[in-house]
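Visitor: I would like a short walk through this structure. Please take my questions one at a time.

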Amino acid sequence: MADISRRTLLNRALLVTALGGGALLGLTRPVKRKIASPPPPPPVALTAALARQRRLLAGYDQALASQAGHPALAGLRADVAAHGQGLRAVLQHYPGWRLAVTSSAPVTSSAPATTAPAGSPSSGASVPDSVSALASASRAAAAATTLACLDWPATEAHAAEVLPLLGSIAACLTSHAQVLS
């Protein structure tokens with residue numbers, strides 16, 4: 001048998017003691033498991049504004065189908081479609097929105113979505129189908145968007161993007177109501 005020096009024996013004893021102590025600590029410490037929590041939902045004011053834009057867009061589509069000769073409908077519809085794109089771009093800043101969009105059916109840009117996202121407070125409202133109904137719907141949407149803009153907290157992380165967007169949408173919808181009246 002080979003002779004083992006005292007130094008080697010001491011090193012091996014220290015190694016075995018350290019390994020045993022580490023194993024003992026590992027067995028006595030409780031394991032803390034982190035449970036993933038979903039991100040907070042996007043602000044209701046933005047999802048409600050998007051739902052209003054979708055209903056208005058569907059109303060413009062119906063009005064264009066029945067009154068294709070109206071001179072202003074196509075331009076006003078383009079404004080409403082641009083508002084929806086702006087709202088979707090701002091909603092991308094909120095992880096809860098990205099999660100809701102990926103878990104639901106994708107919205108294509110070629111066919112306008114006529115339903116509001118799940119959980120929005122105004123998903124059961126009717127779609128305006130005439131020019132006078134579009135005018136009153138634009139007035140109501142402008143009033144609701146103005147209120148959302150005024151109530152938006154200035155200290156919110158994305159307020160620098162949300163406030164000008166909501167203000168311009170409200171102003172544009174007010175002018176739409178005037179044009180359609």
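Guide: One definition comes before the questions. The expected span of a helix is 1.5 Å times one less than its number of residues. Keep in mind that this is a predicted model.

Visitor: How far apart are the end C-alpha atoms of helix α6?
Guide: Helix α6 covers residues 159-180, which makes 22 residues. At 1.5 Å a residue, the helix should span 32 Å. The model agrees with that expectation, since the end C-alpha atoms of α6 are separated by 31 Å.

Visitor: What span should α3 have, and how far apart are its end C-alpha atoms?
Guide: The same rule applies: 1.5 Å times one less than the number of residues. Helix α3 has 19 residues, so the expected span is 27 Å. The end C-alpha atoms agree with it, at 27 Å.

Visitor: How many helices and strands does the protein chain have?
Guide: Along the sequence, the pattern reads α-α-α-α-α-α. The count for the protein chain is therefore six helices and zero strands.

Visitor: Which elements cover the buried residues of α6?
Guide: Buried here means under 20% relative accessible area. In α6 the buried residues include Val162, Leu166, Ile169, Cys172, Leu173 and His176. Their cover includes α2 (44-66), α3 (73-91) and α5 (131-151).

Visitor: Is Ser138 buried or exposed?
Guide: Ser138 sits in helix α5. Its contacts beyond four places in sequence are Leu56, Tyr60, Leu173, His176, Ala177 and Leu180. The relative accessible area of Ser138 is 0%, so Ser138 is buried.

Visitor: What is the relative accessibility of Gln53?
Guide: Gln53 belongs to helix α2. Beyond four places in sequence, Gln53 contacts Val80, His83, Gly84, Leu87, Ile169 and Leu173. Among these, His83 and Gly84 are buried residues of α3, and Ile169 and Leu173 are buried residues of α6. Gln53 counts as buried because its relative accessibility is 2%.

Visitor: What separates the C-alpha atoms of Ala141 and Ala170?
Guide: Ala141 lies in helix α5 and counts as buried, at 4% relative accessibility. Leaving out residues up to four places away, Ala141 touches Arg52, Leu56 and Leu173. Ala141 and Ala170 are 29 residues apart along the chain, and their C-alpha separation is 7.5 Å.

Visitor: Which residues touch the most other members of the largest nonpolar core?
Guide: In soluble globular proteins, nonpolar side chains tend to be buried together. The largest nonpolar core here has 31 residues, and those touching the most other members are Leu46, Leu87, Tyr94, Leu166 and Leu180. The elements giving two or more residues to this core are α2, α3, α5 and α6.

Visitor: Which residues does Leu46 touch?
Guide: Leu46 is among the core residues that touch the most other members. Residues up to four places away in sequence are not counted. The list for Leu46 is Leu87, Val90, Leu91, Tyr94, Trp152, Val162 and Leu166.

Visitor: How many disulfides does the structure hold?
Guide: A disulfide needs two cysteine sulfur atoms within 2.5 Å. Cys149 counts as buried, at 18% relative accessibility. Cys172 also counts as buried, at 17%. The number of disulfides in the structure is zero.

Visitor: Which residue forms a salt bridge with Asp61?
Guide: The structure holds one salt bridge. The closest N and O atoms of the pair are 2.4 Å apart, and the partner of Asp61 is Arg77.

Visitor: Which helices does that pair tie together?
Guide: Asp61 and Arg77 are 16 residues apart in sequence. Asp61 is partly exposed, with a relative accessible area of 25%. Because Asp61 lies in one helix and Arg77 in another, the pair ties together α2 and α3.

Visitor: How far apart are the C-alpha atoms of Asp61 and Asp129?
Guide: Asp61 has its place in helix α2. Along the chain, Asp61 and Asp129 are 68 residues apart. Their C-alpha atoms are separated by 8.5 Å.

Visitor: What share of the residues of the protein chain count as buried?
Guide: The accessible surface of the chain is about 11200 Å², with 63% belonging to carbon and sulfur atoms. Of contacts between residues at least 6 apart in sequence, 80% join residues at least 24 apart. Among the 181 residues of the chain, the buried share is 31%.

Conventions
Residues numbered from 1 in each chain as written. Predicted model: local features only at pLDDT ≥ 70, side-chain atom pairs only at ≥ 80, totals over all residues. Heavy atoms only, no water. Buried < 20%, exposed > 50% of the residue type's maximum accessible area, 1.4 Å probe, protein only. Helix = DSSP H or I, 4+ residues; strand = E, 2+ residues; numbered from the N terminus. Contact = heavy atoms within 4.5 Å. Areas by Shrake-Rupley, 256 points an atom, 1.4 Å probe, with all protein chains shown as cover. Core = buried A, V, L, I, M, F, W, Y, C linked by side-chain atoms within 4.5 Å. Salt bridge = Lys/Arg side-chain N within 4 Å of Asp/Glu carboxyl O.
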